[in-house]
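Please look at the sequence and the structure shown here before reading on. The questions that follow go from one place in the model to the next.

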Amino acid sequence: MPITNFDFKEKYQYQNGFGCYFETEAVPGALPIGQNSPQKPPLGLYAEKLSGTAFTAPRHENKQSWLYRILPACTHPPFAPAPAPNESLGLGGEPFRRLRHIPNQLRWDPFDREPDADFVSGLHLLAGAGDPTVKQGCAVYVFAAGRSMAEREAFYSADGELLLVPQEGVLDIRTEMGWLLVRPMEICVIPRGVRYQVRLPAGPARGYALEVFQGRFVLPELGPIGSNGLANARDFQAPVASFDEDCGATASDGPNEYVVTAKFNNALFRTTQRHTPFDVVAWHGNYYPYKYDLGRFNTIGSISFDHPDPSIFTVLSAPSDHPGTSVADFVIFPPRWLVGEDTFRPPWYHRNTMSEFMGLIRGDYDAKKGGKGGFVPGGASLHNVMSGHGPDVDSYEGARNAELKPAKVGEGSCAFMFESSLMLGVTDWGLKTCQKVQETYSEHSWGGVKVHWKGGSA
Ligand SMILES: [Fe+2]
């Protein structure tokens, strides 16, 4: 079924396509024709350029949008440092300096729900690498929120492009460029700098997030697969322009106060302005937020023998400067048929030069047992650079002895992986404060792995 049957129904319209050049106007005539910056833009709007790449980036990488808004984004009092909402967010470089790099396999029980937090205060840096100030590296977060962000509040990150993977609840995200409804089994990407507000129309929300400081998410190359397959470009959805009108005669004398919080080198800064930041009446360009239903992923796999590399399940990839090696990939393990003959069908045991952070959106993952103390929705695992891992003993023995009929696995389930070429360090919050690390993960998973060796003669 190539679409997820969501309990919470869609309420917005979108523009479909990945990496497209879109144009959208909430009021007819708001977009200038044939030029970007006329002397007087239509309807008395301001033209504002939002650059996602260097002006001189090669044409195939160049990302920018033109926003036509009631007041430009610069019209605010100076930002001032904002209090850090928790021990891993808003402290500048400190959590990155204190990341702990350990070769042990790590697994976490489901992270706590946080009824008093909103999306920003409930965001926790769990692991990361690199440095946002030099635009290198990435960060892995978990978030839990029990309430919407305030009506007159917006947030943006100058640090990187953020991929959100909700696991519980519904995210109703108002961005400068329009609305996105993001439900579990959908993901969204918010580009660096785009201002947004997260509302919770269906109660508390929880999930995972990946921020890349370098580059942007793109569709992976398909090679011999051809021109369709995996995540197809037409299934990505971008917002249409939507705006509020709330301002005074000038930028500084509007009737209401709007708080804009910036994440800048993992520190938070705040300003209060007298006009809404959600005043973009029209925009055109190829730099915009978007969402994708993971149910639409066209899963490809072996129809002969052997388990292919998990790269076959890549939804989005944030490439590094080295071809074929990503800062981070977003990979899913959706429901699929396994038909391999004379094949150990689950993932093999392996050690990887990449680091693998996994989460579970729903259901059971076929290579790990669920239940208390297992790999369960809302929990996570991290297998870092060259840390050995693979099926737990029960999954291994089950697959070793299974009758190899065609079998559907993962029905009602979706595990995912953030796979990075970087060695991920874990924050104090991730190792201690959250109190979710399963201390006996390794022993429970692999302590009982059996010796099947029969001696030197086959
Ligand atoms: Fe792995």
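Q: Which residues is Lys11 in contact with, leaving aside its neighbours within four places in sequence?
A: Contact here means heavy atoms within 4.5 Å. Lys11 has its place in the segment before strand E1 (14-16), where strands (E, at least two residues) and helices (H or I, at least four) are DSSP runs numbered from the N terminus. Once the neighbours within four places in sequence are left aside, the residues in contact with Lys11 are Asp172 and Leu181.

Q: How should the numbers in this model be read?
A: Residues are numbered from 1 along each chain as its sequence is written, and side-chain values use heavy atoms, with hydrogens and water left out. This is a predicted model, in which totals for chains, interfaces and linings use all residues, whereas side-chain atom pairs count only at pLDDT 80 or more and local features need pLDDT of at least 70.

Q: What is the length of the polar contact that joins the side chains of Lys11 and Asp172?
A: A polar contact is a pair of N or O atoms within 3.5 Å; within protein, one must be able to donate a hydrogen and the other to accept it, and residues adjacent in sequence count only if both atoms are side-chain atoms. The side chains of Lys11 and Asp172 are joined by such a contact, and its length is 2.9 Å.

Q: Is Lys11 buried, partly exposed or exposed?
A: Buried means under 20% relative accessible area and exposed means over 50%, with partly exposed in between (1.4 Å probe, protein chains only). Because its relative accessibility is 45%, Lys11 counts as partly exposed.

Q: Which residues coordinate the iron ion?
A: Donors are N, O and S atoms within 2.8 Å of the metal (3.2 Å for Na, K and Ca), and water is not among the atoms, so sites may look incomplete. The donor atoms lie at 2.0 to 2.6 Å from the iron ion, with NE2 given for each histidine and OE listed twice for the glutamate. In sequence the donor residues are spaced H-x5-E-x32-H. The residues that coordinate the iron ion are His350, Glu356 and His389.

Q: What is the geometry of the site of the iron ion?
A: Four donors count as tetrahedral if all angles lie between 85 and 135 degrees; four count as square planar and six as octahedral if opposite donors are over 155 degrees apart and all others between 65 and 115; anything else is irregular. The angles among the four donor atoms of the iron ion run from 55 to 150 degrees, and the site is irregular.

Q: Are the donor residues Glu356 and His389 buried or exposed?
A: The relative accessible area of Glu356 is 5%, and that of His389, which lies in the loop between E25 and helix H2 (393-401), is 8%. The side chains of His389 and Glu356 also make a polar contact of 3.0 Å with each other. Both values fall under the 20% limit, so Glu356 is buried and His389 is buried.

Q: Which residues does the UniProt annotation "binding site" cover?
A: UniProt positions are given in the numbering used here, feature names are shortened, and annotations may be inferred rather than shown by experiment. One residue in this annotation is placed in the loop between strand E24 (355-362) and strand E25 (380-383). In this unreviewed entry, the annotation covers Tyr365 and His389.

Q: What is the relative accessible area of Tyr365?
A: Not counting residues up to four places away in sequence, Tyr365 touches several residues, among them Phe333, Pro347, Met358 and Phe375. Tyr365 is buried, and its relative accessible area is 7%.

Q: Which residue has the backbone oxygen that lies 2.7 Å from a polar atom of the side chain of Ser355?
A: Ser355 is found in strand E24, and at 0% relative accessibility it counts as buried. Its contacts beyond four places in sequence include His383, Phe418 and Leu424. The backbone oxygen at 2.7 Å belongs to Leu422.

Q: What distance separates the centres of domain 1 and domain 2?
A: The domain bounds come from an automatic or database domain assignment, which divides the protein into domain 1 (14-99 + 132-293) and domain 2 (299-446). Across the two, 34 residues of domain 1 are in contact with 34 residues of domain 2. Taken over C-alpha atoms, the distance between the centres is 30 Å.
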